[in-house]
Amino acid sequence: MNQLNHLAIIMDGNGRWAKKRALLRTGGHEVGAQVVQSVCEFCINEKIRNLTLYAFSTENWKRPKSEVEFLMKLLAKFLVDKKESFLANGINFKAVGDIAKFSDDLKSKIYDLQNFTQNCANLNLNLAINYGARDEIVRACREISNAGGEFSESEISAHLDTARSGDVDLLIRTGGEKRISNFLLWQASYAELAFSDTLWPEFSNAELSQIISEFKNKNRRFGGL
């Protein structure tokens with residue numbers, strides 16, 4: 001039976017969920033944000049040590065300005081509202097991606113939550129915001145070069161945003177699309193992939209449990225027999 005140490009999820013379908021209900025896209029994002037807590041608690045109960053969630057990509061800045069502004073406000077609210085809950089549940093929060101583009105206020109809230117939960121040990125939650133895998137690899141290589149280091153697979157892995165979590169075992173995308181959209185390209189090189197038609201606001205722990213059960217019973221050969 002396969003061990004699941006690092007689970008990654010592309011949380012897709014918020015906007016379409018809202019559209020089906022004649023709601024603003026922002027309403028879908030609000031409901032989608034609520035699912036995060038449930039999935040985190042599921043991972044803790046299942047003793048999954050690392051969870052990386054794709055929340056906002058480097059390409060998402062192309063969306064309408066009003067939607068981007070709402071997402072930034074929703075993120076700021078999430079970072080404040082989850083402090084006590086994350087602490088109580090032992091969730092160690094880390095933002096992954098290039099956060100330099102965010103406002104000083106948002107960066108302050110990110111650093112505050114990271115510091116507040118730094119000693120939590122039940123779950124490492126990596127929230128990918130302004131994240132792109134190609135950008136991440138470039139930044140890692142730049143850090144190695146600036147430090148005068150030598151390039152190797154292990155050295156690049158050690159400089160990635162998700163270095164603490166290691167390679168991805170299982171990558172799930174909700175919302176019906178079947179692509180990984182510049183998410184954890186290095187870390188997911190041998191990940192098992194699962195694509196769900198369920199829109200993220202409707203994604204349940206029951207479905208997640210079923211996907212994980214199928215993962216655990218797969219024969220992962222990693223290029224061997």
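On one side of helix 6, Arg134 and Asn146 are exposed. This is a predicted model, and helix 6 is a handy place to start reading it. The helix covers residues 133-146, so to speak a run of 14 residues, and reaches 20 Å from its first C-alpha to its last, close to the 20 Å expected at 1.5 Å a residue. Turned away from Arg134 and Asn146 is the other side of the helix, and the buried residues are Ala133, Glu136, Arg139, Ala140 and Ile144. Looking down the axis of helix 6, these buried residues fall within an arc of 135°, so they line one face of the helix. The general pattern is a familiar one: an α-helix has 3.6 residues a turn, so residues three or four places apart point the same way.

What sits over that buried face? The cover on the buried residues of helix 6 includes strand 4 (123-131) and helix 7 (153-158). Just past the end of helix 6 comes Gly148, which takes a positive phi of about 75°.

Helix 5 can be read in much the same manner. Its 13 residues should span 18 Å at 1.5 Å a residue, and the end C-alpha atoms of helix 5 are indeed 18 Å apart, which agrees. Here the buried residues are Leu106, Lys107, Ile110, Leu113 and Gln114. Seen down the axis of helix 5, they keep within an arc of 130°, so they too line one face of the helix. They pack against helix 3 (65-81), helix 4 (83-89), strand 3 (91-96) and strand 4. Strand 4 thus turns up in both lists, against the buried residues of helix 5 and over those of helix 6.

One residue of helix 5 deserves a second look. Lys107 lies in this helix, which takes in residues 104-116. With a relative accessible area of 17%, Lys107 counts as buried because the cut-off for that label is under 20%. Leaving aside neighbours within four places in sequence, Lys107 is in contact with Ile99, Ala100 and Phe102.

Next, the cysteines. How many disulfides does the count come to? The count comes to 0. A disulfide is a covalent bond between the sulfur atoms of two cysteines. For Cys120, the closest cysteine sulfur is in Cys40, and at 12 Å that is too far for a bond. Cys120 is buried, at 9% relative accessibility, whereas Cys141, at 21%, counts as partly exposed.

Stepping back to the whole protein, there are 8 helices and 6 strands. From the N terminus on, the elements run β-α-α-β-α-α-β-α-β-α-α-β-β-α. The radius of gyration is 17 Å, close to the 17 Å that the globule rule gives for 225 residues, so the protein is as compact as a globular protein of that length. Taken along the principal axes, the C-alpha atoms fill a box of roughly 50 × 40 × 35 Å.

As for the inside and the outside, buried residues make up 50% of the 225 residues. The accessible surface comes to about 11400 Å², and 48% of it belongs to carbon and sulfur atoms. Contacts reach well along the chain: among those between residues at least 6 apart in sequence, 76% join residues at least 24 apart.

Key:
Residues are numbered from 1 along each chain as its sequence is written. This is a predicted model: local features need pLDDT of at least 70, side-chain atom pairs count only at pLDDT 80 or more; totals for chains, interfaces and linings use all residues. Side-chain values use heavy atoms; hydrogens and water are left out. Helices (H or I, at least four residues) and strands (E, at least two) are DSSP runs, numbered from the N terminus. The expected span of a helix is 1.5 Å times one less than its number of residues. Buried means under 20% relative accessible area, exposed over 50%, partly exposed in between (1.4 Å probe, protein chains only). The arc is that of the directions from the helix axis to the C-beta atoms. Contact means heavy atoms within 4.5 Å. The radius of gyration is taken over C-alpha atoms; the globule rule is 2.2 Å times the number of residues to the power 0.38. Accessible areas come from the Shrake-Rupley method with a 1.4 Å probe; for residues, only the protein chains shown count as cover. A disulfide is a pair of cysteine sulfur atoms within 2.5 Å.
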